[in-house]
Amino acid sequence: MSEQQISREGQVRRALSALRRDPLALTGTLVLAVLVVVGVGGSWLAPSGINEVDVDVMLQPPSWAHPFGTDELGRDVLSRVMVAARVSLQVGLVSVGIALVVGVTLGLFAGYYRGWLDNVLMRCMDVLFAFPVLLLAVAIVAVLGPGLTTAMVAIGVVYTPIFARVTRAGVLSVREQVFVRAAVSVGASDLRIMRRHVLPNIAAPLIVQTSLSLAFAILSEAALSFLGLGVQPPDPAWGRMLFDGRGFVTEAWWLGFFPGAAIFVTVLAFNLVGDALRDVLDPRQLTVSEARRSTA
Amino acid sequence: MARFVIRRLLQSAVVLLGVTVVVFLLLQLVPGDPVRVALGTRFDPQTYEALRARAGLDQPLVVQYFDYLRRALTGDLGVSFRSGRPVTAIVLERLPATLSLAVTAVVFAMLIAFPLGIVSAIRSGSLVDHAARVFSQFGVSVPDFWMGIMGILLFSGVLGWLPPSGYVALTEDPGRWASHVALPAATVGLVTASILTRFIRSSMLEVLSEDYVRTAEAKGLRTRVVVLRHVLRNALIPVVTVVAVQLASLLGGVIVIEVLFAWPGIGRLTYDAVAARDYPVLQGAVLLVAALFLLVNLLVDVLYARLDPRITVK
C-alpha cells in the first residue's frame, strides 16, 4: 500500500469519525438520510396524492388529517412537501454534478498545463464570476425556457467557476510534488498523472466544496422556482409552493411556513456536514461559497 | 501602487469585455427568433422588421457583436421590445430603488455583525460566541424570501406595524420610505449580517493569535487598548472586501426580495423583463449589474492595497 493511499484512507477515516463525534454534523447527516428516504420514496410515503384536489377542505389549518394543512385547492401540504424533496435533492445533485465535472476538468487542465491555456480558462471563469449567481441563473433560464432541466443546467454553470478555482489552486501545489515529477520521469502520460496522482490528492477541498455547494444549489433552485423559472405546476417544488402561498400568507400561514422550513432544514443539514468536513479535511480553505452566497 | 492599479484596471477591462460577450450571446441562445418570441400575439410585420433592424439582428453575428459593443460603450443598450423606450433610461430609472434598499440592508447588517463578530471573537467559547455562531449558521442556511414571507406575516399580518409591500422614494417622503424599506432591508440585512459576522469573527481570531498581540498584552496594555489599537485595525482590513462584495451583490438587485415586496428596483426589472421576454432590457440590466460588480471589486482592491501595502507586493 502506497503512502498516498494510506493518507487518503486516513482522511476518509478522519472525516467519518469527525461526523460521528460532532453532534451537529451527526444531526445534519441524520437529517440528510431522512431526506434521501423521503426524496426516493416520497410518492409512496405521502399520505395523499400531490394533486388530489378537494374543495371541501380548502385552506384548512394543520390538523391530524392534514398535519401541514391544505392549500387553496384543498391539496395536502405535507404530501406536496414530501414529494418536492425529490426535486430539491435531484437539482442539487445534478447541478453540482455538472459544476463538479466541468469545473474540475477545466481547473485540472489550467493548473497542470499553466501558460496560455491557464490564462484563457481562468479569465473565462473570472467573467462568470462577474455576475451575481442568481442573476446569471435567471438570465440563462430566461433564454433557454423555464423548467427543471434548464434550472439544473443554469445552476451548474454558475457554480462551475468555484470548482475550477478550487481545483486549479490544488493542482498548482500538487504538480510540484516529488511523486508527480517521479511519474513524469518514468514516462507516465499527462492524463494518467492527472487522474492517478493529482486528482486524488486534491480530493479533500473538492469534497468540502461539493457539500457546501449542494446547500447553495438547493437555495438557488428554490429561488428560481419561487420566480416561476424552475419546476412547472402542477409538480410541487418548495420554492414554487412558497410563491403560490404568498398571496394567502396572512390567512393561511402554513402555506408559507412548511415549504420554507423544509428548504431551511435541508440547507442547514448540508451546511453542518460541509462545515464539519471542512474542519477535518481542509481547515485552511477560505469559505468561497460564503462570499459567493449572493442574495441577488 | 500605480503599477498594481494599472494591472487591475487592465484585468477588469478584459473581464468586462468577456461580460459583454456573454450578455450579447444571451440573445443568440433564445430558441427561435427572439423578436418574434417577444412580440408573441402582438405580432405585426412592421413592428417586427423595425425591432429586428434596430437590434441589428439582420447582420452577421460578428458585426452584431461589435455594433453592440460600440453602442454599449456610448451608453446605448438598445430599445425595449415592449415599450420601445431606450434600455439605458429604463435601467437607470430603477437604480435609486435598488441603491436605497442595498445600502440600508448593508448598514443594518454592519450594525449587527460588527459588535457581534468582535465580541464573539474576544469572548471565544462564551455564550455570546455560541449565539453568534448559531446566528451565522441560521443566516447562511435560511432562504431570504422565506424570512421575508414570515416577516410580512408577523409585522404586517399580526402586528400591523409595517406595510407588506410597495415603495415610496426617499426624496418623496422619508418617513414612508423608512416604513416600506424596513422589512425588505431587514430580510436581506439579516442574511448579510450572518455572513459578515462569520468573517469578522474568524478574522479577529486570526489576528488575536498573532505574536504582536501577545507582546502588547505582555507589555501590560489593557484589553480594550489591545483590541482597539492592535487587533481591530488589522482584522477589519479583509472585512472591507466582504462588505463591498456583499454590497455589490445587492446592487445587482435582490431579485427574489424585490419581487416579494413589489420593490421597483433592478431585480424586479429583470424579473419583469424575463416574464415579458423583453430581452434587450434583460441584457441591459445584466450588463449594468455585472459592470457595477466589477467596478466595486476594482475599487475595493485599490482601497485594500492602500490599507495594506503588502497586497501590491503579492
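1. Helix α3(A) has 37 residues. From its first C-alpha to its last, α3(A) reaches 53 Å, close to the 54 Å expected at 1.5 Å a residue. Bear in mind that this is a predicted model. The helix is mostly covered, with 27 of its 37 residues buried. Right after α3(A) comes A:R114, whose phi is positive, near 45°.

2. Next, the partner of this helix. Two packed helices are described by the angle between their axes and the distance between the axes. Helix α3 (residues 77–113) of chain A packs against helix α6 (residues 148–174) of chain A at an angle of about 35°. Their axes are 6 Å apart. The crossing of α3(A) and α6(A) is right-handed. By class, the contact of α3(A) with α6(A) holds 24 nonpolar, 7 polar and 2 charged residues.

3. Now the whole chain. Chain A has 12 helices and 0 strands, so the string of elements from the N terminus on reads α-α-α-α-α-α-α-α-α-α-α-α. Along the principal axes, the C-alpha atoms of chain A fill a box of roughly 75 × 45 × 30 Å. Of the 296 residues in chain A, 50% are buried.

4. How do the contacts in chain A spread along the sequence? Among those between residues at least 6 apart, 72% join residues at least 24 apart.

5. The UniProt record, an unreviewed entry, carries the annotation "transmembrane region" for chain A. The annotation covers residues 23–46, 87–113, 125–144, 202–232 and 252–274. Two of these spans can be set against the model. Residues 23–46 of chain A are 96% helix and 0% strand, and the end C-alpha atoms of that span are 29 Å apart. Residues 125–144 of chain A are 85% helix and 0% strand, with end C-alpha atoms 21 Å apart.

6. Which elements of chain A supply at least two residues each to the side that touches chain B? They are α4 (115–129), α5 (133–144), α9 (203–226), α11 (253–281) and α12 (288–292). The contact takes 39 residues from chain A and 48 residues from chain B. Helix α11(A) gives the most to the side of chain A that touches chain B, with 8 residues. By class, that side of chain A has 27 nonpolar, 7 polar and 5 charged residues.

Definitions and conventions. Residues are numbered from 1 along each chain as its sequence is written. Chains are lettered from A and ligands numbered from 1 in the order in which they are written. This is a predicted model: local features need pLDDT of at least 70, side-chain atom pairs count only at pLDDT 80 or more; totals for chains, interfaces and linings use all residues. Axes are lines fitted to C-alpha atoms, for helices over the stretch in contact, and angles run from 0 to 180 degrees between N-to-C directions. Helices (H or I, at least four residues) and strands (E, at least two) are DSSP runs, numbered from the N terminus. A crossing is left-handed if the near helix is turned anticlockwise from the far one by less than a right angle, and right-handed if clockwise. Ala, Val, Leu, Ile, Met, Phe, Trp, Tyr, Cys and Pro count as nonpolar, Asp, Glu, Lys and Arg as charged, and the others, Gly among them, as polar. UniProt positions are given in the numbering used here, feature names are shortened, and annotations may be inferred rather than shown by experiment. Two residues are in contact if their C-beta atoms, placed from the backbone, lie within 7 Å. The expected span of a helix is 1.5 Å times one less than its number of residues. A residue is buried if 20 or more other C-beta atoms lie within 10 Å of its own, exposed if 12 or fewer, and partly exposed in between; C-beta atoms are placed from the backbone.
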